[in-house]
Structure formats: structure tokens, C-alpha cells
Amino acid sequence: MKNEAAQPKNPSAVAAKVVSGSDSHIAKQGSVYRSGVSAESVGSTMLWLGTISLPAGRRTSAHRHEGHETALLMTAGQEIEIWSGAKLERCETVRPGDYLFIPVGVPHVAVNRSAENAEFLGARNDPAANESVILMPELDDIVP
């Protein structure tokens, strides 16, 4: 069986590309994103790679990503809380050097209670610079 992921979708796109990071934007859930590799920047068809910040004292809105998985590496800051589960019943602490995996469709909220911005290197299998986010306002009041 041929590995479709290894086959270029565009046969003329067979060279590596170097790209400077884009300007940052605030995603609708409240995190600050800066795309590096994306459909828009390099024509990626399956991957997004960039940085994500959660400012000091801020939190995201409750949300889920319907169509993609997300992997994060916390690179700077003190710590954040990640609340997840159908009713945001699980809370874990993420610290610099920790990896975080968010499966498709899992509701979550990130909370930065510290006085330092939290910084992450992030990757997902949705190449769009503006990812597919579904806000879940009915869960926002669960997280203190």
C-alpha cells in the first residue's frame, strides 16, 4: 500500500521552503497565534506549525476542534491549567518542557493564572492559519 501522505499533492512543489513567521492574530477562543508553516504560507496540505501564546492572567473560551488533533510544547512561562472533558471535569497543570495533546472534538479551556505569558510551539493536522474552532459558551462558567 502506498503512503498517500508521503506523495506530493502538487508534483511541481518538490523543494523545501523557508518562511518567516507571520504576524500574530487573536484566535476566536482567545489565544494569540503566529503561523509558520500553513496552507497560506507554504501550501501545506496536512500540517500547521506555529507559536501560540496565552497572555498573563488570561484564559481561553471553552471550545473544541472538530476536525483536527493538536500537539503543543510549552516553551516559556510559569504554568497553565488545562481543563478538559465533556464537562471540563479534568484539570491538569502544564509547565515549560511539558507536551500537551488535545484529541479531536475534546472540549477544553486553558487558564494562565500567572503574571507571565505562557508560550507554546504548536502543531496540528489542519493546515489553515485560522483553525476550525467551535466555541462552547455553555461550558465557560464551569472553570473558576
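Strands are DSSP runs of E of at least two residues and helices are runs of H or I of at least four, both numbered from the N terminus. The views below show a predicted model, in which local features need pLDDT of at least 70 and side-chain atom pairs count only at pLDDT 80 or more, whereas totals for chains, interfaces and linings use all residues. Residues are numbered from 1 along each chain as its sequence is written, and side-chain values use heavy atoms, with hydrogens and water left out.

**View 1. The aromatic pair of Tyr-33 and Trp-48.** The structure holds 1 aromatic pair (ring centres of Phe, Tyr or Trp, the last by its six-membered ring, within 6.5 Å; stacked if the planes are under 30 degrees apart, edge-to-face if over 60, tilted for the rest). The ring centres of Tyr-33 and Trp-48 are 5.7 Å apart and their planes stand at 50 degrees, so the pair counts as tilted. Because Tyr-33 belongs to strand S2 (residues 32-37) and Trp-48 to strand S3 (residues 48-54), the pair ties together parts that are 15 residues apart in sequence. Tyr-33 and Trp-48 are both buried (under 20% relative accessible area, against over 50% for exposed and in between for partly exposed, with a 1.4 Å probe and protein chains only). Over the ring of Trp-48 sits the charged end of Arg-124, 4.1 Å from the ring centre (the criterion being NZ of Lys or CZ of Arg within 6 Å of the centre and within 35 degrees of the ring normal).

**View 2. The second largest cavity, with Tyr-33, Trp-48 and Arg-124 in its lining.** A cavity is a set of points, on a 1 Å grid over the protein atoms alone, where a 1.4 Å probe fits but cannot get out, while a pocket is an open set with protein on both sides within 12 Å along at least five of seven lines; lining residues have an atom within 4 Å of a point. By this rule there are 2 cavities of 30 Å³ or more. The second largest cavity holds about 30 Å³ (the space filled by probe spheres set on the points, which are joined across faces, edges and corners). Its lining also includes Ile-52, Leu-72, Gly-122 and Glu-131, and at least two lining residues come from each of S3, S5 and strand S10 (118-124). By class, this lining has 6 nonpolar, 2 polar and 2 charged residues (nonpolar being Ala, Val, Leu, Ile, Met, Phe, Trp, Tyr, Cys and Pro, charged Asp, Glu, Lys and Arg, and polar the others, Gly among them).

**View 3. The largest cavity, with about 190 Å³ of space.** Of the 18 residues that line the largest cavity, Ser-31, Ile-52, Leu-72, Ile-102 and Ala-110 lie nearest its centre. Two or more lining residues are given by each of S3, strand S5 (70-76), S6, S8 and strand S9 (108-111), and the largest share, 3 residues, comes from S3. The lining of the largest cavity divides into 10 nonpolar and 8 polar residues, with no charged ones.

**View 4. The second largest pocket, with about 200 Å³ of space.** This pocket is lined by 15 residues, among which Ile-82, Ser-84, Glu-92, Leu-100 and Phe-101 are the closest to its centre. S6, strand S7 (90-94) and strand S8 (99-102) are the elements that give two or more residues to the lining, and S7 gives the most, with 5. The lining of the second largest pocket comprises 9 nonpolar, 3 polar and 3 charged residues.

**View 5. Ser-84 and Ile-80 in strand S6 (residues 80-84).** Ser-84 is buried at a relative accessible area of 19%; leaving aside neighbours within four places in sequence, Ser-84 is in contact (heavy atoms within 4.5 Å) with Glu-89, Arg-90, Val-106, Pro-107 and His-108. Ile-80 is also buried, with a relative accessible area of 2%, and, not counting residues up to four places away in sequence, Ile-80 touches nearby chain segments through residues including Met-74, Glu-92, Ala-110 and Phe-120. From Ile-80 to Arg-95, 15 residues apart in sequence, the C-alpha to C-alpha separation is 6.7 Å.

**View 6. Leu-88, in the loop between S6 and S7.** Most residues other than glycine have a negative phi. Phi of Leu-88, however, is positive, near 55 degrees, and this residue counts as buried at 1% relative accessibility.

**View 7. Arg-58, in the loop between S3 and strand S4 (63-64).** At 43% relative accessibility, Arg-58 counts as partly exposed. Not counting residues up to four places away in sequence, Arg-58 touches Ala-110, Val-111 and Asn-112.
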